[in-house]
Amino acid sequence: MAATFHWYESNGAGEVEEADISNINFGSNDSPNLNTTTYPITRGDASFEKYIRALFTGTWTEISNLKFWKSAGAYVTGEAIKAAANVVYAQPSVTPNADSDVPITEGAALAIQSAEGENVIEYGASGVSGYTGYIRLQEQTSGSTPAGAVNSKEFCMQYDEV
Amino acid sequence: MSNSIDINLSNENNAMNSLQFYWKAFFSSGKVIEQFENGIEHRFQEVKDDFENLIKFSLVNKDYSKYFVVDLEYGFILHNNYNLNNINFEQLEQKNNIRLIHFRRHFVEIGTKDLKEKSHQIIYFLGLQWQDSEEKNHKIILQIDENGDFIING
């Protein structure tokens with residue numbers, strides 16, 4: 001009924017896409033649904049970047065005004081999540097990137113476009129895949145980050161549908 | 001040490017909440033299109049395709065206890081038969097180029113361990129815009145929550 005969306009994550013040099021991911025755990029490995037116990041992030045290091053995007057399916061006419069922000073989950077000392085929207089896919093890197101902190105309010109939210117670079121995802125239109133652009137996320141820590149698991153986070157995805 | 005973050009998305013990723021309000025469009029030809037009809041869902045595109053002949057557009061909840069009607073001939077909004085524009089129908093202001101405003105805004109929160117979807121809130125935007133006799137633009141928009149409570153922006 002109406003529109004729905006599924007999250008996808010892309011990994012690897014040749015971009016292998018995983019559909020319907022169950023989490024976006026950050027860790028020291030470039031893989032979807034990774035186990036954080038197996039692939040912890042060492043204090044002072046960054047996680048591998050995550051390239052995620054949503055695919056809209058179902059019935060709609062237009063989807064627009066897509067926004068993404070961190071809505072809950074406190075950082076611990078020295079922790080940050082970096083984010084960029086509508087980026088071109090590249091092999092995820094573990095080197096700390098220079099992206100901005102992920103916004104934490106709707107007013108400052110990342111504006112997400114379609115994969116084709118449009119502000120509107122038009123149902124059934126020629127050349128429209130239904131995918132959003134990529135959102136790149138990376139967890140970064142510092143030497144002052146305390147040992148142990150950090151807090152879980154929540155993200156909000158907003159969109160207008162008609 | 002471990003600095004990993006667990007951010008669990010849904011297994012189904014984003015199961016759509018059931019809509020609480022459905023739309024119904026009335027045209028000057030007598031044609032009526034309901035969003036859900038005979039087991040199929042009509043796309044709003046069908047309304048857009050015949051916009052010039054659209055005379056009324058309504059949002060109705062499942063048990064028909066709450067409904068909102070936008071009258072596009074005269075430019076007013078009814079809520080359960082109550083006129084929201086405070087219009088004196090005998091002195092109805094001339095409105096030109098009356099156009100419908102309608103969309104649903106979704107707020108989907110993902111994350112937290114072992115939860116498919118933290119929350120999924122839908123706000124229904126319904127209203128109209130028009131030009132007065134001096135060609136000034138006006139609009140009035142209702143933001144309706146899933147319980148049918150609303151605020152008016154104009």
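1. Start with the largest nonpolar core. It has 30 residues, and the ones touching the most other members are A:Ile52, A:Phe56, A:Ile63, A:Phe68, A:Ile135, A:Leu137 and A:Met157. On the chain A side, β1, β3, β4 (62–72), β5 (80–87), β9 (134–140) and β10 (154–161) each give two or more residues, and so does β9 (96–111) of chain B. Keep in mind that this is a predicted model.

2. There's another core, apart from that one, with 21 residues. Its members include B:Leu54, B:Leu59, B:Ile77 and B:Tyr124. As a general point, nonpolar side chains tend to be buried together in soluble globular proteins.

3. Which residues does A:Ile52 contact, once its neighbours within four places in sequence are set aside? They are A:Trp7, A:Tyr8, A:Glu9, A:Ile24, A:Ile135 and A:Leu137. Two of these names, A:Ile135 and A:Leu137, also appear in the list of core residues that touch the most other members.

4. Now for chain A as a whole. You'll find zero helices and 10 strands here, so to speak a β-β-β-β-β-β-β-β-β-β run from the N terminus on. Its radius of gyration is 16 Å, which agrees with the value near 15 Å for a compact globule of 162 residues. Along the principal axes, the C-alpha atoms fill a box of roughly 50 × 35 × 30 Å.

5. Of the 162 residues in chain A, 42% count as buried. Look also at the contacts in this chain between residues at least 6 apart in sequence: 70% of them join residues at least 24 apart.

6. Next, the sheet in chain A. Six strands make up an open sheet, ordered β2-β1-β3-β9-β5-β6, with antiparallel pairing. At the edges sit β2 (16–19) and β6 (100–101), each pairing on one side only. Inside the sheet, β1 (residues 3–11) and β3 (residues 50–58) run antiparallel and are joined by eight bridges. If you want a spot to check by eye, A:Ser10 stands opposite A:Tyr51 in β3(A).

7. Where do strands of the two chains pair? Have a look at β10(A) and β9(B), which pair in the antiparallel sense over eight bridges. Here A:Gln158 stands opposite B:Phe107 in β9(B). Within chain B, β9(B) is also joined to β10(B) by 12 bridges, again antiparallel. B:Arg104 has B:Tyr124 as its bridge partner in β10(B), and B:Tyr124 is one of the residues of the 21-residue core.

8. Chain B also has two hairpins that share a strand. Five bridges join β5 (residues 54–61) to β6 (residues 67–71), running antiparallel, and B:Lys56 has B:Asp71 as its partner in β6(B). This hairpin has five residues between its strands, and B:Tyr64 takes a positive phi near 60°. From β6(B), four bridges lead on to the antiparallel β7 (residues 76–79). B:Asp71 turns up again here, with B:Phe76 as its partner in β7(B). Four residues lie between β6(B) and β7(B), and B:Gly75 in the turn has a positive phi of about 85°.

9. Last, a loop residue. Is B:Ser133 buried or exposed? It is exposed, because 9 other C-beta atoms lie within 10 Å and 12 or fewer counts as exposed. B:Ser133 sits in the loop between β10 (119–131) and β11 (137–144) of chain B. Its C-alpha atom is separated by 6.6 Å from that of B:Gln94, although the two are 39 residues apart along the chain.

Definitions and conventions. Residues numbered from 1 in each chain as written. Chains lettered and ligands numbered in written order. Predicted model: local features only at pLDDT ≥ 70, side-chain atom pairs only at ≥ 80, totals over all residues. Pairing = 2+ DSSP bridges. Rg over C-alpha atoms; globule rule 2.2 N^0.38 Å. Buried ≥ 20, exposed ≤ 12 C-beta atoms within 10 Å, placed from the backbone. Contact = placed C-beta atoms within 7 Å. Core = buried A, V, L, I, M, F, W, Y, C linked by C-beta atoms within 7 Å.
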